Amino acid sequence: MVQKYESPVRIYKYPFELVVAAYERRFPTCPQMPIVLDCEVIEDSVFDNGARRDTKRRCKIAVEAPYLIKKIIGVDVVYFIQKNFLDMKTRTLSIEATNESFATRVEIFEKCRYYAHPENPDWTCFDQTATLDIKNFFGIEHSMEKMGMKQYTQTTLKGKEIIEYFVNELKQEGVTHVERWVDTDVMTTSTTNNTTTSGTVLSEKPPLCRDNSILDADYIAKHLGQLTPLQESKLVQFRKRLEETTEQPVPDYQTLLRFLRARDFSIDKATVMLQESLQWRKEHRIDDILGEYKTPAVVEKYFPGGWHHHDKDGRPLYILRLGTMDVKGLLKSVGEDELLKLTLHICEQGLQLMKDAANQFAKPIWNWCLLVDLDGLSMRHLWRPGVKALLRIIETVETNYPETMGRVLIVRAPRVFPVLWTIVSTFIDENTRSKFLFFGGPDCLHAEDGIEQYVHTDKIPSFLGGSCSTLIHEGGLVPKHLYKSESIEESNGAVHAHDHHGLYKSVDLKPGQLFELIIRNTDPKSVLTWDFEVLKNDTLFAVYHTEKELGASGSDNFASVFDSADFKEGVNYKKIEQNVKCRPKEGVQGSHEMASTGSYVLQWMCPPSCDGPAQLMYFHEVLSSANYKGSMTSLQSGFSSNSLQSR
């Protein structure tokens, strides 16, 4: 069982540097946390002229548990590994802690962050999240879960007291201010007339030079990357146009460049797009979403997505385990608007993380990387209201966050994926579609040109075969008692084809009858996709191929086109997909690369042994070889989870 905890953002009215100095005094022990018996530094490295410091500690923790539980587990202490990542340049301290003891039975992962307040540089923010996954713990999993919740709550409450205690201790020793880090090789200290309350500020060359006609070359290299002279000129013109026509504050050059790229550097089109987006941001209070948004409890527990380190290019990496997401449950629990708001909150986090990454890696980073795990994707993800909500989200993001997606890694794509892809891909900008990379097989980690080419090996999450722990859980089904809206597709257990707006058709089959669809193919390497659900009684499904000419598509007399004496299986036609037995309320999705021309036949049959007619809903589509990019070989590696159940 996986439990996820999150504390509210805490504010310290002290500068980041003073808070870090107080934090360092917690080790190796501190009076407020007597359960911490010792912390041994096992790695300590300093980089970038003192700007970054990575520290790894092994901490010895006393077991706070009833005597009986101590006797069962047989220990009085456990060990944790804590990793600190301090970046004085960006004024952030990230902390990760994982349990070393009983790691195969209980997985604990805690992540904390101290960072400078985005609006007041003399204050410091703190946030803290943790997951507890009790896989198998001597039969006392429920008791351990309750203990974990209690101890985590107590620890978070003590956290602020600890920092305050050591800040006061520093003050008693005469330390009331700690200077900010300055790179003496690059930066210079400003004059006293331009100092901030911390005493120093980093000088920066003005973005424009030479009569305000072009951007400063150093500024371009540091913040924007490579630009042609024409692109640079249009960027300056774009800003001047907005200053003349827009009453709202003009965004920074990185944002302007993203909108320009989205409109192929057409100043007129980019102006319209950005002005509409700025008005949208104002109407929906998007600028306040990071501070005001509160994650609903259902989303917190069942939405399987989150930020996870960076890719090899330094882009912030967001992971979404779409295959394990209960789309219907989330929609019925919080609604479409709330899921859109969640997405916008993620996008705004991405913009901030891009800026942090640019400072951390000292290079322009103005987009992020998305890794989508499709393991478990099935027909339930093709629920019409869910697809509708997805398309609305895609449209909103494409319109207001253009060029923020640097790369999309689709991993463990099952056979149903082409069905979903053909629906949503038409709503994705062509330039964005070109950034999609597909990894269909189960071994997406080590396959040739696998995700190790794009994500550092030590940052690949454990659920993909890597070694990195993550706060991103598996999602799971949302309990129906949390639903706030009634079902919009079910009535007395029946599913109606009209709810799919004509996308699906239905057919009834008496025992012994079969139904066939004939698809003529003239486009080698095109992809045939199918998706069907059985509503009543068992149904057998298979796919055939023949080079011979066949009659009209769709059999009306429920007889097979192969019943003629002219056909002999294995000679002039063959079965290319073996029989799948699908039971009521089960679905099958799949795809097949049509490597040859000729006719392909989808066949459904109600077994003669059935005690009544079978009823099914079905849908099929052909993706042309030009419109689908990716390895179809890997997509043919297996059935979806529902299909496996129906065998």
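**Exercise 1.** How many of the residues of strand β12 (residues 368–373) are buried?

*Solution.* Before counting, a word on the model: it is predicted, so local features need pLDDT of at least 70 and side-chain atom pairs count only at pLDDT 80 or more, while totals for chains, interfaces and linings use all residues. Residues are numbered from 1 along each chain as its sequence is written, and side-chain values use heavy atoms, with hydrogens and water left out.

Step 1: fix the terms. Strands are DSSP runs of E with at least two residues, helices are runs of H or I with at least four, and both are numbered from the N terminus. Buried means under 20% relative accessible area, exposed over 50%, and partly exposed in between (1.4 Å probe, protein chains only).

Step 2: count. For β12 you get 6 of 6 buried.

Step 3: split by face. W368, L370 and V372 lie on one side, C369, L371 and D373 on the other, and both faces are covered.

**Exercise 2.** Find the strands that pair with β12, and say in which sense.

*Solution.* Step 1: two strands pair if DSSP finds at least two bridges between them.

Step 2: take strand β11 (residues 316–320), which runs parallel to β12 over 4 bridges. Here L320 has V372 as its bridge partner.

Step 3: take strand β13 (residues 405–411), also parallel to β12, over 6 bridges. This time D373 is bridged to V411.

**Exercise 3.** Work out how helices α10 (residues 327–334) and α11 (residues 336–361) pack.

*Solution.* Step 1: the axes sit 6 Å apart at about 105°. Axes are lines fitted to C-alpha atoms, for helices over the stretch in contact, and angles run from 0 to 180 degrees between N-to-C directions.

Step 2: classify. α10 and α11 are therefore roughly perpendicular (65 to 115 degrees; under 35 is roughly parallel, over 145 roughly antiparallel, the rest oblique).

Step 3: list the contacts (heavy atoms within 4.5 Å). L330, L331 and V334 of α10 meet E336, E338 and L339 of α11.

**Exercise 4.** Lay out the open sheet that contains β17.

*Solution.* Step 1: its 4 strands follow the order β17-β24-β19-β22, with antiparallel pairing.

Step 2: β17 (505–509) and β22 (587–594) are the edges, each pairing on one side only. From one strand to the next, the twist averages 25°.

Step 3: zoom in. β19 (residues 526–536) and β24 (residues 614–623) pair over 9 bridges, with L528 partnered by V622 of β24.
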